[in-house]
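Please open the model in your viewer and follow the stops below in order. At each one you will find what to select and what is to be found there.

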Amino acid sequence: VSVIPRGRALGATQVLPEEDRLNISESELHTRLAFMLGGRAAEKLRFDEFSAGAEDDLKKATHLARRMVTHWGMSERLGPVAFRANEEHPFLGREMAEPREFSEHTAQVIDEEIVRILRAASDRAEQVLIEHRQKLDALATALEREEELDERQIEELIGPAASKPDRTGEPSK
């Protein structure tokens with residue numbers, strides 16, 4: 001974890017994958033969204049306001065939530081449907097040549113579902129941080145002092161990462 005600006009980022013958290021992944025479950029995606037919005041939630045708890053620093057996190061979280069709704073059918077409200085919505089336009093005006101294949105009402109519902117998913121992820125991030133406020137404060141204080149912490153230093157401050165449940169629901173060893 002670093003609070004040193006890197007390129008356009010004002011700070012960064014790097015998470016290394018534990019295994020090669022070809023697929024990801026809906027619950028894991030919701031956890032990933034809460035993680036992405038954790039820095040923003042921490043700012044609100046620690047400073048009682050948001051900053052512009054979470055712009056990239058918000059952009060990436062919104063993109064992921066949009067894919068959950070429009071590509072992977074992860075919306076109870078919309079059901080198991082993939083909606084073609086070209087987000088990549090190599091030529092200016094391509095969206096005019098390739099109109100979306102759903103109604104304005106459906107577009108509104110998609111937007112509402114994305115907001116619902118992101119609000120739930122934000123609430124989850126905030127709740128986890130409230131439950132672990134002492135760890136958040138210890139980490140923030142150390143980052144103010146050191147500016148950069150590696151995995152070993154983080155474990156010394158707040159303990160090891162929680163073990164993830166295996167496919168049976170039991171904590172992995």
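A salt bridge is taken here as a side-chain nitrogen of Lys or Arg lying within 4 Å of a carboxyl oxygen of Asp or Glu. With that cut-off in hand, select aspartate 137 and arginine 46, whose side chains meet in such a bridge at 3.3 Å, N to O. The model is a predicted one, and this pair is a useful place to enter it, since the bridge links distant parts of the chain: aspartate 137 sits in helix α6 and arginine 46 in helix α2, 91 residues apart. Aspartate 137 counts as partly exposed, at 25% relative accessibility, and arginine 46 is likewise partly exposed, with a relative accessible area of 27%. Add Arg133 and Glu144 to the selection, and you will have the four residues Arg46, Arg133, Asp137 and Glu144, which are linked in a network of salt bridges.

**The whole chain**

Now zoom out and colour by secondary structure. The protein has 7 helices and 0 strands, so that, reading from the N terminus, its elements run α-α-α-α-α-α-α. Of its 173 residues, 24% are buried. Among the contacts with a separation of 6 or more, 57% are between residues 24 or more positions apart. If you display the surface, its accessible area comes to about 12800 Å², and 52% of this belongs to carbon and sulfur atoms.

**Helix α5**

Next, select α5, residues 104–131, and draw a distance between its end C-alpha atoms. How far apart are the end C-alpha atoms of α5, and what span should its 28 residues have? The ends are 41 Å apart, which agrees with the 40 Å that 28 residues should span at 1.5 Å a residue.

Within α5, show the side chains of the buried residues, which are Thr106, Ala107, Val109, Ile110, Glu113, Ile114, Ile117, Leu118, Ala121, Ser122, Ala125 and Leu129. To see what covers these buried residues, bring back the other helices; the cover includes α1, α2, α3 and α6.

**The nonpolar cores**

Keep α5 on screen and add α1 (26–36) and α3 (55–70), for these three are the elements that give two or more residues to the largest nonpolar core. That core has 20 residues, and those with the most contacts inside it are Leu33, Ile110 and Leu118. Its largest share, 7 residues, comes from α5.

Centre the view on leucine 118. Which residues does leucine 118 touch, not counting those up to four places away in sequence? The list is Leu33, Leu37, Ala61, Thr62 and Ala65. Apart from the core just visited lies another, of 6 residues, among them Ala42, Ala125, Leu129 and Leu136.

**A buried glutamate**

Return to helix α5 and select glutamate 113, which has its place there. Is glutamate 113 buried or exposed? With a relative accessible area of 3%, glutamate 113 is buried, under the 20% limit used for that term. Leaving aside residues up to four places away in sequence, glutamate 113 touches Val69, Ser75, Glu76, Arg77 and Leu78.

Show arginine 116 as well, and you will see that the side chains of glutamate 113 and arginine 116 meet in a salt bridge of 3.0 Å, N to O. Because they are 3 residues apart in helix α5, glutamate 113 and arginine 116 are separated by about one helical turn. An α-helix has 3.6 residues a turn, so residues three or four places apart point the same way. Arginine 116, for its part, is partly exposed, with a relative accessible area of 41%.

**Two last stops**

The structure holds 11 salt bridges, and one further pair to select is arginine 145 with glutamate 146, whose side chains meet at 3.4 Å, N to O. Arginine 145 counts as exposed at 56% relative accessibility, whereas glutamate 146, at 42%, counts as partly exposed.

Finally, move to glycine 159, found in the segment after α7 (151–158). Glycine 159 counts as partly exposed, at 22% relative accessibility. Select lysine 135 together with glycine 159, and draw the distance from C-alpha to C-alpha: the two are 24 residues apart in sequence and 9.0 Å apart in space.

How values were computed: Residues numbered from 1 in each chain as written. Predicted model: local features only at pLDDT ≥ 70, side-chain atom pairs only at ≥ 80, totals over all residues. Heavy atoms only, no water. Core = buried A, V, L, I, M, F, W, Y, C linked by side-chain atoms within 4.5 Å. Buried < 20%, exposed > 50% of the residue type's maximum accessible area, 1.4 Å probe, protein only. Helix = DSSP H or I, 4+ residues; strand = E, 2+ residues; numbered from the N terminus. Contact = heavy atoms within 4.5 Å. Expected span 1.5 Å × (residues − 1). Areas by Shrake-Rupley, 256 points an atom, 1.4 Å probe, with all protein chains shown as cover.
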